[in-house]
Amino acid sequence: MYTELNSILSTTPDSFTRGEFILVSDRRSDASFLIHHFLSFYLRARCKVCFLGLVQSFSHYSAVSQRLGVSLAQAKEKGQLIFLEGLKESLSVLIPQEANRGSHAMDFLRDPTVGLRRLYEFVRSSVRSSGGEEEGTEEWGPPVLLVDDLSVLLSLGVSAGAVLDFSHYCRATVCSQLQGNMVMLVRCVGEEEEDDGDDEGSERLLKGLSHQCSLTLHVQGLPTGYCRDIHGQVEVCWRRRQAARVVGEIDKFTSHSFTFDWLLVAGVNDPVWNPDCVEEEHSAPAS
Amino acid sequence: MLPELLQGIDAAGFLIIQDSASYSGRHLLKSFINAALSREESVHVLGFEVSEEELRDGLKGSPTQRFHFHNAFTDPLGWTDHPAFTVSGFNLEELTHLVKQPSHPKPATLVIDSLSWILRHVSPSAVCKTLQQLKKGGAVRAIIGLLHADMHQRGTVGSVCHMATSVITVAPGLKGDEAVAKITKRSKSGKVMQDEEVFSIKEDLTVIVQSKASNVGSKQPDPEEQETDPTANLTFNLRLSDTEREAKEKLALPFVFSKEKKTALLHSGPGSGRILYEPDANDDYDQEDPDDDLDV
C-alpha cells in the first residue's frame with residue numbers, strides 16, 4: 001500500500017468511497033503494481049476481497065503482498081480473501097482429470113464464444129457468500145472485486161463485447177447492489193489510434209470500460225523517453241458521478257512520477273514492479 | 001440552439017446526444033429528462049448503463065407518476081432467473097406495450113440510456129428499423145438517446161444519427177466545468193441548422209449557455225487587428241508623396257500588353273506592308289471532313 005497514492009486519491013483504509021469502479025490501464029508499461037497496492041489496501045480495510053488472478057500464480061501475489069505488509073495466505077484462511085488462481089484452474093479445464101471437477105469459472109477456455117457468464121457467476125457467489133456459516137467467523141466489510149487482468153481474456157479468444165458484458169454485470173452486482181468496489185486492470189499494446197475497422201481489440205475494450213468506470217489510473221512511460229531514475233507516469237482521472245459535484249467532468253490530476261524498483265521474487269522469473277515514490281510532481285486540480 | 005431544444009422537441013422527433021470517453025453526455029441527458037418532466041410530460045427511461053438511483057440522482061422533486069424507469073441495468077442479457085428488461089426486448093411490440101399507459105392521454109417521451117449498449121448486442125439495421133417504427137408509430141412522442149461515438153465504427157454512428165432529427169455532440173471545453181456542444185438540427189422542411197455552443201450544467205441540472213463558440217478547441221491568441229506598418233521606423237524613406245504616386249501609376253511597363261500596343265499591332269500604320277487576302281478553297285480544309293461531302 002503506497003501512502004502517497006492514497007493521499008492523491010484522498011482515500012485511507014478507514015474511509016473510502018463505496019460503489020466505485022476503478023479502472024487501471026497501461027500502455028507499453030506495467031501497471032500491475034497498482035493491483036498489488038489495491039489488494040493490500042482493501043485487505044487492510046477489512047473488506048471481503050474476491051481476486052481473479054489470471055496472469056500470475058498465488059505465490060507471486062503472496063510474495064509481493066508480503067513486502068507490502070499483508071499476508072495473503074492468512075487472509076485466505078480467515079475467509080477474507082477468495083482467490084481464483086487462473087493458471088491452475090485452466091490446467092484442470094485443458095487437461096481434465098476425473099478426480100477434480102473444479103469450478104466452472106474458467107469454462108470459457110473450452111469455448112470462448114460462450115462468454116464470461118460462468119466467471120460472473122463465480123464472482124457473484126464469492127461476493128455474496130456470508131461469513132456467518134460457522135461460529136466465530138469475522139464480519140467483513142463491503143465486497144471488493146479485483147481482476148488482473150482483463151486483456152488476457154482477449155488473447156484467450158473472448159470478444160471485447162463479452163468482456164464488457166462481464167464487467168457490466170460485475171459492476172451491477174458488486175458496485176451497485178452490494179455497494180462494494182471494483183478494480184480492473186486493462187493493458188493496451190501499441191499507440192492509441194482510430195480503431196475504425198477493428199471491432200475486437202484492446203482499444204475498444206478500454207474505451208468501453210472508461211465509459212463504465214468512475215476513476216481511471218493510466219500508467220505509461222514518460223513522453224520524453226527513457227529516463228534512468230523515473231520509470232513512468234500515472235494519469236489519474238475522476239469521472240464524477242455524484243450530482244453534488246460538478247457533473248460530467250473529468251478532472252485530470254496527472255503526472256505523478258513513480259520510480260519502479262526491480263524486485264526478483266524467488267521462484268518466479270519475471271521481475272515485479274515495486275514503486276518507491278521518489279519524486280512527485282503534480283498540478284492543481286482543474287476545479 | 002441548445003435552450004430551444006431543451007424547451008421541447010417537436011413531435012416525432014429523435015434527439016441523439018453523442019459523447020466520448022473524455023466527457024460524459026449523461027448529465028445533459030438528465031437535463032433533458034428534467035426539462036421534459038417540468039413540462040408535465042411522462043418520461044420512460046430504458047436504463048441499460050446506470051442504475052435507477054444514479055439516474056434519479058438530481059432529478060427534480062419526486063415525480064413518480066410521470067417518471068418510469070425500466071430496469072435493464074441489473075440483468076440485460078437474462079443471466080439471472082428473473083430479468084426485468086432485456087436487450088432482446090428492444091423491438092416495436094414490446095416497447096409499445098411498455099410505454100402504453102391508459103392514465104395519461106399524451107404519448108410519452110422515451111429516453112434510451114444508452115443506444116451504444118443496444119448496438120453492441122443488436123445489429124445496427126435492426127436498431128434503426130425499430131427506431132424508425134417508433135418514430136412513425138405514434139406510440140411515443142419523442143425519443144432521446146445517448147450514444148458513445150467512440151465505441152462504434154463511424155458507419156454505425158453515421159447510420160443511427162442519420163435517423164435523428166437533432167444531434168448534439170458534446171466534448172470537453174477549455175475550462176474545467178464547461179463543455180462544447182455541436183448541434184445539428186433537421187427541420188421537417190428539410191432545412192439543416194448547425195450551431196456550436198459552450199455550456200455548463202449546474203448542480204440542479206439547468207444548462208447555462210456561456211457563449212456561441214466561434215473558434216472552438218483552438219487556443220487562439222487575441223486577433224491582431226492592426227497590422228504593423230512596415231514603412232515605419234526606417235532610416236530611409238519608403239513612403240511616396242502624391243505626385244510620386246501619380247507618376248508611378250502612369251508609368252507603362254515595358255512588357256505588358258496594353259491597349260495601345262494592341263491597336264498599334266492590329267492596325268498597322270502607313271508605310272508598312274498591307275496584306276490582301278482572298279478566301280481560297282484550299283484553305284478551307286476540314287480535318288474531319290476532307291472530301292467536304294458530309295451533311296453535318
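**Cores, loops and a surface patch in a predicted model**

The largest nonpolar core in this structure, which is a predicted model, has 42 residues, and the ones with the most contacts inside it are A:Leu52, A:Leu145, A:Leu150, A:Phe166, A:Met184 and A:Leu205. If you ask which elements of chain A give two or more residues to this core, they are strand E1 (21-27), E2, helix H6 (117-128), E4, H7, H8, E5 and helix H9 (202-212). The largest share, nine residues, comes from H8(A).

Let me stay with one member of that core for a moment. Which residues is A:Leu145 in contact with, once we leave aside its neighbours within four places in sequence? They are A:Cys50, A:Leu52, A:Val123, A:Cys170, A:Val174, A:Asn181, A:Met182, A:Val183 and A:Met184. Apart from the core we have been discussing lies another one, of 37 residues, and among them are A:Phe33, A:Ile35, A:Phe38 and A:Tyr61.

Now I would like to turn to the backbone, beginning with the cis peptide bonds. In chain A, the bond from A:Asp148 to A:Asp149 is cis, with omega near -15°, and A:Asp149 sits in the loop between strand E4 (143-148) and helix H7 (151-155). In chain B, a cis peptide bond joins B:Asp113 and B:Ser114, with omega at about 0°, and here B:Ser114 belongs to the loop between strand E4 (108-113) and helix H5 (115-121) of that chain.

Next come two residues with a positive phi, although neither A:Arg46 nor A:Gln179 is a glycine. For A:Arg46 the phi is about 60°, and you will find this residue in the loop between helix H2 (32-44) and strand E2 (48-53) of chain A. For A:Gln179 the phi is about 55°, and this residue is in the loop between helix H8 (160-177) and strand E5 (181-188) of chain A. Are these two side by side in category, buried or partly exposed? A:Arg46 has a relative accessible area of 39%, so it is partly exposed, and A:Gln179, at 37% relative accessibility, therefore counts as partly exposed as well.

Finally, let us look at the surface. Which residues form a nonpolar patch there? They are A:Leu91, A:Leu94 and A:Ile95, and together they have about 310 Å² of accessible area. A:Leu91 is part of helix H5 (residues 86-94) of chain A, and because its relative accessibility is 48%, A:Leu91 counts as partly exposed.

Note on methods. Residues numbered from 1 in each chain as written. Chains lettered and ligands numbered in written order. Predicted model: local features only at pLDDT ≥ 70, side-chain atom pairs only at ≥ 80, totals over all residues. Heavy atoms only, no water. Patch = residues over 30% accessible without salt bridge, like charges linked within 9 Å, V, L, I, M, F, W, Y side chains within 5 Å. Areas by Shrake-Rupley, 256 points an atom, 1.4 Å probe, with all protein chains shown as cover. Salt bridge = Lys/Arg side-chain N within 4 Å of Asp/Glu carboxyl O. Helix = DSSP H or I, 4+ residues; strand = E, 2+ residues; numbered from the N terminus. Buried < 20%, exposed > 50% of the residue type's maximum accessible area, 1.4 Å probe, protein only. Core = buried A, V, L, I, M, F, W, Y, C linked by side-chain atoms within 4.5 Å. Contact = heavy atoms within 4.5 Å.
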